[in-house]
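Work through the following exercises with the model open beside the text. Each one sets a task and then solves it step by step.

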Amino acid sequence: MDIAVALVLSWYIIGIALALAAYFILPLPLEYRQALVIVFLAPVASANPPFTAQMGSDFGLASAINSVSIIASIVLITTALVIML
């Protein structure tokens with residue numbers, strides 16, 4: 001795995017920390033906290049690969065990051081929903 005892919009996926013550690021903080025610390029109704037958890041675990045924007053290609057950067061790397069982040073988000077969001085519900 002490329003170092004850039006691993007670096008972007010390491011942001012999910014921050015997302016998990018923010019999701020836990022939002023769920024357990026914020027004084028909001030349960031529905032709002034659950035929505036924030038899903039937002040913090042969402043994948044990288046799908047508009048990134050075309051924008052990267054337009055800017056002349058590594059389109060393949062941007063596509064790989066996008067694909068891996070979608071899979072990681074599906075696993076994390078599903079796990080969070082099973083735990084929360």
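**Exercise 1. Describe how helix α3 packs against helix α5, and decide which way the two run relative to each other.**

Solution. Two packed helices are described by the angle between their axes and the distance between the axes. Start with the geometry: the axes of α3 (residues 30-40) and α5 (residues 59-84) come within 9 Å and cross at roughly 160 degrees, where axes are lines fitted to C-alpha atoms, for helices over the stretch in contact, and angles run from 0 to 180 degrees between N-to-C directions. Angles under 35 degrees count as roughly parallel, over 145 as roughly antiparallel, 65 to 115 as roughly perpendicular and the rest as oblique; α3 and α5 are therefore roughly antiparallel to each other. The crossing of α3 and α5 is right-handed, a crossing being right-handed if the near helix is turned clockwise from the far one by less than a right angle, and left-handed if anticlockwise.

Next, find the residues that touch, taking contact as heavy atoms within 4.5 Å. From α3 these are Q34, V37 and I38, and from α5 they are I77, A80, L81 and M84. Sorted by class, the contact of α3 with α5 has six nonpolar, one polar and no charged residues, with Ala, Val, Leu, Ile, Met, Phe, Trp, Tyr, Cys and Pro counted as nonpolar, Asp, Glu, Lys and Arg as charged, and the others, Gly among them, as polar.

The model is predicted, so local features need pLDDT of at least 70 and side-chain atom pairs count only at pLDDT 80 or more, whereas totals for chains, interfaces and linings use all residues. Residues are numbered from 1 along each chain as its sequence is written, and side-chain values use heavy atoms, with hydrogens and water left out.

**Exercise 2. Place these helices within the whole chain.**

Solution. Helices (H or I, at least four residues) and strands (E, at least two) are DSSP runs, numbered from the N terminus. On that basis the chain holds five helices and zero strands, and its pattern along the sequence reads α-α-α-α-α. The C-alpha trace spans about 45 × 25 × 15 Å along its principal axes. Among contacts with a separation of 6 or more, 58% join residues 24 or more positions apart. Of the 85 residues in the chain, 24% are buried, where buried means under 20% relative accessible area, exposed over 50% and partly exposed in between (1.4 Å probe, protein chains only).

**Exercise 3. Analyse the packing of α2 with α3, and then that of α2 with α5.**

Solution. Take α3 as the partner to begin with: α2 (residues 11-24) packs with α3 at an angle of about 180 degrees, with their axes 8 Å apart, and α2 and α3 are therefore roughly antiparallel to each other. In this contact G15, L18, A19, A22 and Y23 of α2 meet L30, R33, Q34, L36, V37 and F40 of α3, which by class gives eight nonpolar, two polar and one charged residues.

Now turn to α5. Here the axes of α2 and α5 lie 12 Å apart at an angle of about 20 degrees, and that makes α2 roughly parallel to α5. The crossing of α2 with α5 is right-handed. Y12, I16 and Y23 of α2 make the contact with S69, A72, S73, L76 and M84 of α5, and the classes are six nonpolar, two polar and no charged residues.

**Exercise 4. Which two residues form an aromatic pair, and is each of them buried or exposed?**

Solution. Rings of Phe, Tyr and Trp (its six-membered ring) pair if their centres lie within 6.5 Å, and planes under 30 degrees apart count as stacked, over 60 as edge-to-face and the rest as tilted. The count by this rule is one aromatic pair. Y23 and F24 form an edge-to-face pair, with 5.1 Å centre to centre and 90 degrees between the planes. Y23 counts as buried at 18% relative accessibility, whereas F24 counts as exposed at 62%.

**Exercise 5. Characterise the surroundings of T52 and L28.**

Solution. T52 lies in helix α4 (residues 48-54) and is buried, with a relative accessible area of 18%. Leaving aside neighbours within four places in sequence, T52 is in contact with S57, D58, F59 and A62. L28, by comparison, sits in the loop between α2 and α3 and is partly exposed, with a relative accessible area of 36%. With the same neighbours set aside, L28 is in contact with R33 and L36.
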